[in-house]
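Open the model in your viewer and keep the sequence panel beside it. This tour goes stop by stop: select, look, move on.

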Amino acid sequence: MEKAVLPKLPYAYDALEPYYDAQTVELHHSKHHQAYVDGFNKAVSKVEEARESGDYSLMKHWSKEIAFHGGGHALHCMFWENLRPGSEDNAPSGALLEKIESTFGDFATFKAQFSAATAQVEGSGWGILAADADGELRIFTCENHQKAIIPGYTILLVCDVWEHAYYLKYQNRRPEWLENFFKIINWDAVASRMG
Ligand code: MN3
């Protein structure tokens, strides 16, 4: 079975400064994301062992581990793709901007709702912008990496609000992390997921 691997970042660890500091990006990618890759591969191999031995007594545990670490790996892959070197006036354009405006009224209202939803995630989780099967945009949140995900939605944009994602630079100031997250969103990557 092919193992999951940690993707290389499409930019240097310090490329997102000053909005996202190099130390956090390096730890987040090389330690935290790596741990989800390792956890997923371990769970997959444990399930393979169970199939071979016929001992399924720990299947509940390893199935949950696959969802947690597999979700963590997938969300972090999207998160890194969602980012680029920042600018103060960073914003979407073209068809994506028109879709945001037709759904939320204007970009500022979208940003306010996305930021509020994500700031209010209890404990560890993610803010998510997604499109349903008809292409309608929805903002929702995910607890940990796998709870409250909506089946059938195409995820366009994710924001990590686990403390490991921002605590070194922003401590308990999650809204400040969100404010600066908006300056480093790669809107071209978001638009390309819209299809
Ligand atoms: Mn993370």
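**Stop 1: the metal site**

Select histidine 28 and histidine 76: both are buried, meaning under 20% relative accessible area with a 1.4 Å probe and protein chains only, where exposed is over 50% and partly exposed lies in between. Before going on, note that this is a predicted model, in which local features need pLDDT of at least 70, side-chain atom pairs count only at pLDDT 80 or more, and totals for chains, interfaces and linings use all residues. Residues are numbered from 1 along each chain as its sequence is written, and side-chain values use heavy atoms, with hydrogens and water left out.

Now show the manganese ion. Its donors are His28 (NE2), His76 (NE2), Asp160 (OD) and His164 (NE2), at 1.9 to 2.2 Å. Donors here are N, O and S atoms within 2.8 Å of the metal (3.2 Å for Na, K and Ca); water is not among the atoms, so sites may look incomplete. Along the chain, the donors of the manganese ion are spaced H-x47-H-x83-D-x3-H. Histidine 28 in helix 1 (residues 22-53) and histidine 76 in helix 2 (residues 59-81) link distant parts of the chain, 48 residues apart. Helices (H or I, at least four residues) and strands (E, at least two) are DSSP runs, numbered from the N terminus.

**Stop 2: around histidine 76**

Stay on histidine 76. Its relative accessible area is 0%. Its side chain makes a polar contact with the side chain of histidine 28, at 3.1 Å. A polar contact is a pair of N or O atoms within 3.5 Å; within protein, one must be able to donate a hydrogen and the other to accept it, and residues adjacent in sequence count only if both atoms are side-chain atoms. Leaving out residues up to four places away in sequence, histidine 76 touches His28, His33, Tyr36, Trp126, His145, Asp160 and His164. Contact means heavy atoms within 4.5 Å.

Next, select glycine 72, also placed in helix 2. Glycine 72 is buried at 0% relative accessibility. Outside residues up to four places away in sequence, glycine 72 touches Tyr36 and His145. The C-alpha atoms of glycine 72 and tyrosine 36 are 5.8 Å apart, across 36 residues of chain.

**Stop 3: helix 4**

Select residues 107-119. Helix 4 has 13 residues. Its buried residues are Phe107, Phe110, Phe114, Ser115 and Thr118. These lie on the same side of helix 4, because they cover an arc of only 120° around the axis. The arc is that of the directions from the helix axis to the C-beta atoms. Among the elements covering them are helix 3 (94-104), strand 1 (125-131) and helix 7 (187-194).

**Stop 4: helix 7**

Move to helix 7. Trp187, Ala189, Val190 and Arg193 are its buried residues. They fall within an arc of 160°, so they line one face of the helix. This buried set packs against helix 2, helix 3, helix 4 and strand 3. Turn helix 7 over: the face away from its buried side carries the exposed residues Asp188 and Ser192.

Check both ends. Asparagine 186 caps the N-terminal end of helix 7, with a side-chain oxygen 3.1 Å from the backbone nitrogen of aspartate 188. After helix 7 comes glycine 195, with a positive phi near 80°.

**Stop 5: the cysteines**

How many disulfides does a search of the whole structure find? Zero, taking a disulfide as a pair of cysteine sulfur atoms within 2.5 Å. Select cysteine 77: its sulfur is 15 Å from the closest cysteine sulfur, in cysteine 142, too far for a bond. Cysteine 142 is buried at 1%.

Conventions: Expected span 1.5 Å × (residues − 1).
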